[in-house]
Amino acid sequence: MTPEELNAARGRIVPDVAAGGLRVLFCGINPSLMTAATGHHFAHPGNRFWPVLHRSGFTPRQLLPSEQSELLPLGLGITNVVARATARADELGAEEFREGGAALTERVERLAPAWLAVVGITAYRTAFSEPRARIGRQERTIGGARVWALPNPSGLNAHWTITTMAEEYARLREAVSASASHPSPSPPSR
């Protein structure tokens, strides 16, 4: 991909990989230029999302970004807090994150996933005004979904290795499995 092709992708919107009733809707910060140029989420070669998703047990094999539609039969999907593509997440402002959080809440209400997994703690903190949030399960729900904040799989995130990220993603997978076998009680019918 040439620099010109990547630059031409700036500001593009990448369609979600989503359907109603997913087990987990993974939510990235915003599309990279590579994602926008290819139309495939987490497409940058340095992004560790796909290897981590597999190593954590969510997928039976490591998928390529171009195989993202194979997530849907597994009950998994992908969206973003902010829809527009940028070269770096630091090109986004706090207000854009808050607006993205409101739009994401509406999307989650409509799609009704069991879990929303926000991939990037800083994006989660800003989008949902939760400055003290930490990686892991959150106390709140968003749009009716349980929430888990995950480490950002970008290659720029040096605080987390593939192994430590896979361990955290596996904690989410275990919580998803446990909640599926012990669903919350339904409200009484009238």
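A salt bridge is a side-chain nitrogen of Lys or Arg within 4 Å of a carboxyl oxygen of Asp or Glu. By this definition E96 forms a salt bridge with R84, the closest N and O atoms being 2.5 Å apart. The structure in which this pair occurs is a predicted model, in which local features need pLDDT of at least 70 and side-chain atom pairs count only at pLDDT 80 or more, while totals for chains, interfaces and linings use all residues. Residues are numbered from 1 along each chain as its sequence is written, and side-chain values use heavy atoms, with hydrogens and water left out.

## Salt bridges

The structure holds 10 salt bridges. Helices (H or I, at least four residues) and strands (E, at least two) are DSSP runs, numbered from the N terminus. E96 lies in helix α4 and R84 in the loop between β2 and α4, so this pair ties together parts that are 12 residues apart in sequence.

The terms for accessibility are as follows: buried means under 20% relative accessible area, exposed means over 50%, and partly exposed lies in between (1.4 Å probe, protein chains only). The table lists three of the salt bridges with the accessibility of each partner.

| Pair | Closest N to O | Relative accessible area, acid | Relative accessible area, Arg |
|---|---|---|---|
| E70 and R61 | 3.1 Å | E70: 35%, partly exposed | R61: 37%, partly exposed |
| E96 and R84 | 2.5 Å | E96: 22%, partly exposed | R84: 28%, partly exposed |
| E168 and R171 | 2.7 Å | E168: 7%, buried | R171: 41%, partly exposed |

R171 and E168 both lie in helix α6, three residues apart, about one turn of the helix. An α-helix has 3.6 residues a turn, so residues three or four places apart point the same way. Elsewhere, salt bridges that share partners join R10, R88, D90 and E91 into one network.

## The nonpolar cores

A nonpolar core is a set of buried Ala, Val, Leu, Ile, Met, Phe, Trp, Tyr and Cys residues joined through side-chain atoms within 4.5 Å. The largest nonpolar core has 24 residues, of which V24, F26, Y169 and L172 touch the most other members. At least two residues of this core come from each of β1 (24–28), α3 (49–55), β2 (76–80), β3 (115–119), β5 (145–150) and α6 (162–181). Helix α6 gives the most, with six residues.

Contact means heavy atoms within 4.5 Å. Not counting residues up to four places away in sequence, L172 touches V24, F26, F58, W115, A117, W148 and L150. Apart from the largest core lies another core, of 23 residues, among them L92, L104, I121 and A127.

## Helix α4

Helix α4 comprises residues 94–111, which is 18 residues. From its first C-alpha to its last, α4 reaches 25 Å, close to the 26 Å expected at 1.5 Å a residue; the expected span is 1.5 Å times one less than the number of residues.

Which residues of α4 are buried? They are F97, G100, G101, L104, R107, V108 and L111. Seen down the axis of α4, the buried residues fall within an arc of 130°, so they line one face of the helix; the arc is that of the directions from the helix axis to the C-beta atoms. These buried residues pack against β1, β2, β3, α5 (121–127), β4 (136–142) and β5. On the other side of α4, E106, E109 and R110 are exposed. The helix is followed by A112, whose phi is positive, near 55°.

## Residues in loops

F42 lies in the loop between α2 (33–38) and α3. Phi of F42 is near 55°, a positive value in a residue other than glycine, and F42 is buried, with a relative accessible area of 12%. S129, in the loop between α5 and β4, has a positive phi of about 50° although it is not a glycine. With a relative accessible area of 53%, S129 is exposed.

S154 lies in the loop between β5 and α6 and is buried, at a relative accessible area of 17%. Leaving aside neighbours within four places in sequence, S154 is in contact with G46, N47 and R48.

## Annotated domain

The UniProt annotation "domain: Uracil-DNA glycosylase-like", from an unreviewed entry, covers residues 15–170. UniProt positions are given in the numbering used here, feature names are shortened, and annotations may be inferred rather than shown by experiment. Over residues 15–170 the chain is 30% helix and 18% strand, and the end C-alpha atoms are 26 Å apart.
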